[in-house]
Amino acid sequence: MPKVFLSPSLQEFNPYVGGGNEEYYMNLIADAMEPYLRASGIDFERNTPTQTLSQAIAQSNSSNSDLHFAIHSNAAGEANAGKVRGVEFYYYPTSANGERFADILEDNYEEIYPLDDRIQTISTTNLAETRRTKAPAVLAEVAYHDNVEDAQWIRDNIDNIARNFAISIAQYFGVPFVEP
């Protein structure tokens, strides 16, 4: 049975415009993914909100997972706060399977995100969850939580995002996606 490690954001200090925070909403997405993964015969383990990033990475590395999937939302930074929209899927540059999963995510996300021309995959050596995990890894930035439209889109699409991610994981593992 294939196994994925789900790593929703641990960043409760990242506020959403209009209320809530990154950790809260990304955990809602991970929660909503679980029934889809179970129905599709995909085993999973996940971090907990009380962990540090290093603890989550250590848990992933000891879990014998076949894939590490970090689920985050983005913020543009002071100069562009609230002005940027889009989605990014990060992978480690030497990870062919990380890149393959990022490409699957990008292709499938175009079905649900309203600005499909603003979805991209990016290789990086700067993110611990793509650099320090044993399993192939992708860190998703599902949309911008400091942008009014994107933040509301996330809130309104928790299940759509979760289902889309579960479809992508099933596709990555080559198993049929099954509705719960």
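This report walks through the salt bridges and one unusual backbone angle in a predicted model.

## Charged pairs in the fold

Let's start with the charged side chains. Side chains of opposite charge can pair when their charged atoms come close. Searching the whole structure turns up 6 salt bridges, and the ones described below include pairs within a helix and between separate elements.

## Lys3 and Glu45: strand to strand

One of these pairs is Lys3 with Glu45, whose closest N and O atoms are 3.1 Å apart. The two partners come from distant parts of the chain: Lys3 belongs to strand E1 (residues 3-8) and Glu45 to strand E2 (residues 43-46), with their positions 42 residues apart in the numbering.

How buried or exposed is each partner? Lys3 has a relative accessibility of 14% and therefore counts as buried, since the cut-off for that class is under 20%. Glu45, at 24%, counts as partly exposed.

## Glu34 and its two arginines

Glu34 takes part in a salt bridge with Arg38, where the closest N and O atoms lie 3.3 Å apart. Both residues sit in helix H1 (residues 22-39), and because they are 4 residues apart there, about one helical turn separates them. Their surroundings contrast: Arg38 is exposed at 52% relative accessibility, while Glu34 is buried at 17%.

Glu34 also meets Arg46 in a salt bridge, with an N to O distance of 2.8 Å. Here Arg46 is in strand E2 and Glu34 is in helix H1, so this pair ties together parts that are 12 residues apart in sequence. Arg46 is buried too, with a relative accessibility of 15%.

Which residues do salt bridges with shared partners join into one network? They are Asp31, Glu34, Arg38 and Arg46.

## A positive phi at Asn64

Now for the backbone. Most residues other than glycine have a negative phi. Asn64 is worth a look in your viewer, as its phi is near 60°, a positive value in a residue that is not glycine.

Where does Asn64 lie? You will find Asn64 in the loop between helix H2 (53-62) and strand E3 (67-74). Asn64 has a relative accessible area of 64%, so it counts as exposed, the cut-off for that class being over 50%.

Notes. Residues numbered from 1 in each chain as written. Predicted model: local features only at pLDDT ≥ 70, side-chain atom pairs only at ≥ 80, totals over all residues. Heavy atoms only, no water. Helix = DSSP H or I, 4+ residues; strand = E, 2+ residues; numbered from the N terminus. Buried < 20%, exposed > 50% of the residue type's maximum accessible area, 1.4 Å probe, protein only. Salt bridge = Lys/Arg side-chain N within 4 Å of Asp/Glu carboxyl O.
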